[in-house]
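Colleague: I've never looked at this one before, so could you walk me through it? I'll just ask things as they come up.

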Amino acid sequence: MKKNAKKMGYKVIDEFGIDIASMVYVECENNEVVRVIDEFDIDITRRVRIERAY
């Protein structure tokens with residue numbers, strides 16, 4: 001089962017300033033986000049800002 005970025009404790013901010021964490025998935029290695037995958041299985045890491053949610 002995949003968990004979205006919001007459930008994993010991340011905020012993912014798109015180019016319009018909107019938090020899209022509930023719509024995307026993150027892939028992590030060594031506690032670092034490596035990729036952000038959208039609903040179409042496209043890597044959008046370069047187009048978003050990733051933050052840890054508190």
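Colleague: Let's start with arginine 49: how accessible is that residue?

Modeller: This is a predicted model, and in it arginine 49 has a relative accessibility of 48%, so that residue counts as partly exposed, a class that ends at 50%.

Colleague: And which residue does the side chain of arginine 49 meet in a salt bridge?

Modeller: The partner is glutamate 51, with 3.0 Å from N to O, and glutamate 51 is itself partly exposed at 29% relative accessibility.

Colleague: How many salt bridges does the structure hold?

Modeller: The structure holds 3 salt bridges. Those that share partners join Glu27, Arg35 and Asp43 into one network: the side chain of arginine 35 meets glutamate 27 at 3.7 Å, N to O, and aspartate 43 meets arginine 35 at 3.9 Å, again N to O.

Colleague: Are the members of that network buried, or partly exposed?

Modeller: Arginine 35 counts as partly exposed at 31% relative accessibility, while glutamate 27 is partly exposed at 38% and aspartate 43 is partly exposed at 38%.

Colleague: Back to arginine 49 for a second, what about valine 12, how far apart are they in sequence and in space?

Modeller: They are 37 residues apart in sequence, yet 5.7 Å separates them in space, C-alpha to C-alpha. Valine 12 lies in strand 1, which covers residues 10-13, and its contacts beyond four places away in sequence include Ile20, Val36, Val48 and Arg49.

Colleague: Why does valine 12 count as buried?

Modeller: Its relative accessible area is 0%, and buried means under 20%, so valine 12 falls in that class. Valine 12 also belongs to the largest nonpolar core, which has 10 residues, among them Ala5, Tyr10, Ile20 and Val48.

Colleague: Isoleucine 20 came up there, so what does that one touch?

Modeller: Leaving aside residues up to four places away in sequence, isoleucine 20 touches Val12, Asp14, Ile44 and Val48.

Colleague: And what sits over the ring of tyrosine 10?

Modeller: The charged end of arginine 52 does, 4.7 Å from the centre of the ring, whereas the count of aromatic pairs comes to 0.

Colleague: New topic: in which sense do strand 2 and strand 3 pair?

Modeller: Strand 2, residues 25-29, and strand 3, residues 32-37, pair in the antiparallel sense over 5 bridges, and glutamate 29 has glutamate 32 as its bridge partner. Their hairpin has 2 residues between the strands, and asparagine 30 takes a positive phi near 55 degrees there.

Note on methods
Residues numbered from 1 in each chain as written. Predicted model: local features only at pLDDT ≥ 70, side-chain atom pairs only at ≥ 80, totals over all residues. Heavy atoms only, no water. Core = buried A, V, L, I, M, F, W, Y, C linked by side-chain atoms within 4.5 Å. Buried < 20%, exposed > 50% of the residue type's maximum accessible area, 1.4 Å probe, protein only. Contact = heavy atoms within 4.5 Å. Phe/Tyr/Trp six-rings, centres within 6.5 Å; stacked < 30°, edge-to-face > 60°. Lys NZ or Arg CZ within 6 Å of the ring centre and 35° of its normal. Pairing = 2+ DSSP bridges. Helix = DSSP H or I, 4+ residues; strand = E, 2+ residues; numbered from the N terminus. Salt bridge = Lys/Arg side-chain N within 4 Å of Asp/Glu carboxyl O.
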